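Student: Could you choose one part of this model and take me through it slowly and carefully? Afterwards, I would like to know what the rest of the chain looks like around it.

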Amino acid sequence: MSAPTEDSPTTMECRVCQTEVPAGEFCGLCGDVLTERRGTGPSWLRISAYGAAPGEHLLLPSLASSLFPNLPHKSRTPFRIVLALVLIGLVTFATLRMPAALITVAALGLPLLFLLYLRETDAFRDLPARDLLLTAGLGITLGVGWVLLTGAAVARSYGVPLGTGIAAGRLLREGLGVPVGSMLLMLVPAVAVRLLRQSNRESLDGFMIGALGALTFSAAATITRLAPQFASGMVARARPISSLLVEAGIRGIAVPVTAAAIGGLIGAALWFTRPASKADQHTGYIRAILAGFAAAVVAVYAGLGLVDVSHIPQWLQLIVHLSVAMVALLLLRVGLHLALLHEAHDEIHSDEPVLCPHCNHVVPDMAFCPACGVATRAASRSSRNERREARPTSREPDEPTTDETHPGYSVMAGTYDATPVRRTSYARLLRTWGAGIVVVAVALVGLSVVIHKPSARYICPPDCGHPPTGEPVEVNPRFTAPDGSFSVSYPAPGAAYKITTSPTGVRADFLGGDGGTMQLMSRPANGQTAEDIAKGLVDATFPDTKTAYEIPNAMVGYMPGYGLVADCWPQGANSNYMRMRVIAMVSVKNDLALIAAAVGPFRQFGPDFGLGKPSGANLQLALDMGKYVNSFSWRGDPPR
Ligand SMILES: [Zn+2]
Ligand SMILES: [Zn+2]
């Protein structure tokens with residue numbers, strides 16, 4: 001140990017814990033800054049220096065140091081590169097319209113990187129394999145099970161009628177119930193493992209378990225929700241790139257980051273251990289703060305569910321999702337920081353040197369590095385033990401420096417020989433992550449090629465179809481508007497349809513087959529053309545449709561008008577993949593627009609199903625809608 005020099009004091013009293021500690025930037029005992037400066041904030045928060053990365057402000061929105069707190073600081077760069085690769089992969093596969101490859105990167109990109117983080121930080125050595133397997137197993141099982149349980153209800157709910165609001169029941173069920181349910185379920189693995197494990201807990205162990213459980217849950221749920229998309233083939237030509245980009249952003253970035261944040265927060269709260277001495281009066285609140293953060297994320301996430309069912313433009317939806325993920329990440333960061341500052345610490349040996357894995361100084365072995373302020377527990381147990389077993393040794397100033405030479409700090413003046421901290425190898429990380437993603441992507445792309453049905457071949461005759469219009473049928477009940485302005489036949493209520501009438505028309509919810517909703521209704525035209533009305537109605541309910549085609553020679557009530565067939569792909573964190581088809585046909589007479597519309601799941605018509613070519617209606621409801629379209633009549637039309 002070097003002798004103290006005359007001109008610099010080797011110890012000083014910490015202004016917070018009032019203990020004589022080695023002089024330096026930070027107090028090795030309580031972690032606070034030793035010399036108060038502007039912007040350091042309250043001592044229990046230490047806002048100027050994040051507890052798991054040197055030189056980072058607490059509120060810096062860094063993915064690498066928030067999601068991977070145990071990594072030695074220099075190992076974070078390879079992880080940042082893979083994070084960038086996740087982003088590049090998402091954008092590339094969305095632009096190439098390759099759904100299977102896109103789903104692989106979106107669902108597995110971040111979770112696989114998190115597994116590699118666990119490996120790099122010795123979790124497979126430090127944590128019992130049983131706990132990790134139980135966490136991942138529960139996460140996957142619950143994720144798949146939850147989607148299978150709620151998927152049918154979610155999918156059926158997309159068939160909302162045009163021009164109406166969202167039913168309150170649907171708002172509660174799909175808007176609040178499904179997202180809050182999934183948030184709570186993704187915490188089950190952490191709670192289960194915590195109940196089995198009563199002692200020797202550190203908050204960052206809890207973070208690992210909690211985030212692993214939530215990430216495996218969300219990965220399994222995402223793959224299950226999007227699996228129907230594999231049937232659209234290796235390249236989904238019909239789908240707009242913008243729709244895939246939004247899907248990539250929500251499923252590949254917002255969902256996993258939010259999941260890791262909430263799982264990690266709850267895990268850290270469950271594993272948080274108060275120090276034996278009650279010297280720190282804030283520890284009692286820390287667990288409550290962590291749980292409160294997690295509850296806040298759940299509440300915001302429920303709000304997201306409402307956004308998802310409310311038919312706002314998809315880009316706005318993506319921005320809202322990414323903003324919530326950013327807030328969740330910041331809460332996670334603050335939560336981990338507070339846990340590291342206030343939890344129980346390892347035994348302190350302030351007279352023994354130890355190498356700090358973050359700033360690479362040789363410092364006294366205390367709860368915090370006096371040089372960079374990072375908590376000693378922001379490193380794996382194995383790393384701490386190794387560095388304590390092979391303590392740095394003081395070296396003579398005139399020896400030539402080597403890789404093992406590290407500068408001392410504070411009471412550890414001079415230079416030291418210490419085994420350098422093992423750094424994550426770029427090549428190894430990229431190779432393992434890339435290989436994992438490529439293997440799964442190739443398998444899923446192969447699967448999608450195999451299950452994709454080639455376009456049907458038509459021979460005309462006899463496979464000659466007709467447009468979704470037909471001859472009116474007399475036997476059906478007839479609706480006449482209360483003011484007598486129009487009348488229309490509609491399906492008889494019964495097993496196939498649930499009928500709702502209003503002064504403006506009839507709504508028929510198809511209960512069989514693919515489901516969906518048909519509307520036969522009127523609107524005042526107010527001088528608009530049939531085309532304006534049809535497009536306005538579709539845009540108001542489904543803001544991001546892609547027009548498939550305009551119906552040639554569309555007629556409503558034997559009056560030439562305008563017909564539109566469009567597709568949309570509902571977005572959201574909890575939505576299942578589905579291609580929705582919207583058909584709207586409008587004719588205007590006497591400034592009154594009569595409208596026939598149908599919304600339901602897309603289903604390709606073929607020689608064995610549907611109207612056949614030239615109809616591209618591809619909607620089961622369209623088969624039946626035809627006979628009502630021309631049954632409309634305006635007031636004063638001749639009887640037919
Ligand atoms: Zn102190
Ligand atoms: Zn340090």
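**A close look at helix H3**

Tutor: Just after helix H3, aspartate 122 takes a positive phi of about 65°. That residue is a useful marker for finding the helix itself, and please keep in mind throughout that this is a predicted model. Helix H3 runs over residues 99–120, and because each of its 22 residues is reckoned at 1.5 Å, with the span counted over one residue fewer, it should cover 32 Å. The C-alpha atoms at its two ends lie 31 Å apart, which agrees with that expectation.

If you follow the axis along the helix, you will come to leucine 108, where H3 bends by about 45°, and a proline, proline 111, follows within four residues of that point. Now consider how the helix is covered: 18 of the 22 residues of H3 are buried, which leaves the helix mostly covered. As you look along it, it helps to remember that an α-helix has 3.6 residues a turn, so residues three or four places apart point the same way.

From there we can widen the view to the chain, which holds 15 helices and 19 strands. Its C-alpha atoms fill a box of roughly 110 × 50 × 45 Å when this is taken along the principal axes, and buried residues make up 54% of its 640 residues. Among the contacts between residues at least 6 apart in sequence, 68% join residues that are at least 24 apart. The accessible surface of the chain comes to about 26,400 Å², and 62% of that area belongs to carbon and sulfur atoms.

The chain also has metal sites to compare with what you have seen. The zinc ion (ligand 1) is coordinated by the SG atoms of Cys14, Cys17, Cys27 and Cys30, at 2.2 to 2.3 Å, and the angles among its 4 donor atoms, 102 to 122°, make this site tetrahedral. Cysteine 17 sits in the loop between strands E1 and E2, while cysteine 27 sits in the loop between E2 and helix H1, so this pair ties together parts that are 10 residues apart in sequence. Cysteine 17 is partly exposed, with a relative accessible area of 27%, whereas cysteine 27 is buried, at 0%. The zinc ion (ligand 2) is held by the SG atoms of Cys356, Cys359, Cys369 and Cys372, and its site is tetrahedral, with angles of 106 to 112°.

Note on methods
Residues numbered from 1 in each chain as written. Chains lettered and ligands numbered in written order. Predicted model: local features only at pLDDT ≥ 70, side-chain atom pairs only at ≥ 80, totals over all residues. Heavy atoms only, no water. Bend = angle between axes of the 7 residues up to and from the residue. Buried < 20%, exposed > 50% of the residue type's maximum accessible area, 1.4 Å probe, protein only. Donors = N, O, S within 2.8 Å, 3.2 Å for Na, K, Ca; no water. Tetrahedral: all angles 85-135°; square planar, octahedral: opposite > 155°, others 65-115°. Contact = heavy atoms within 4.5 Å. Areas by Shrake-Rupley, 256 points an atom, 1.4 Å probe, with all protein chains shown as cover.
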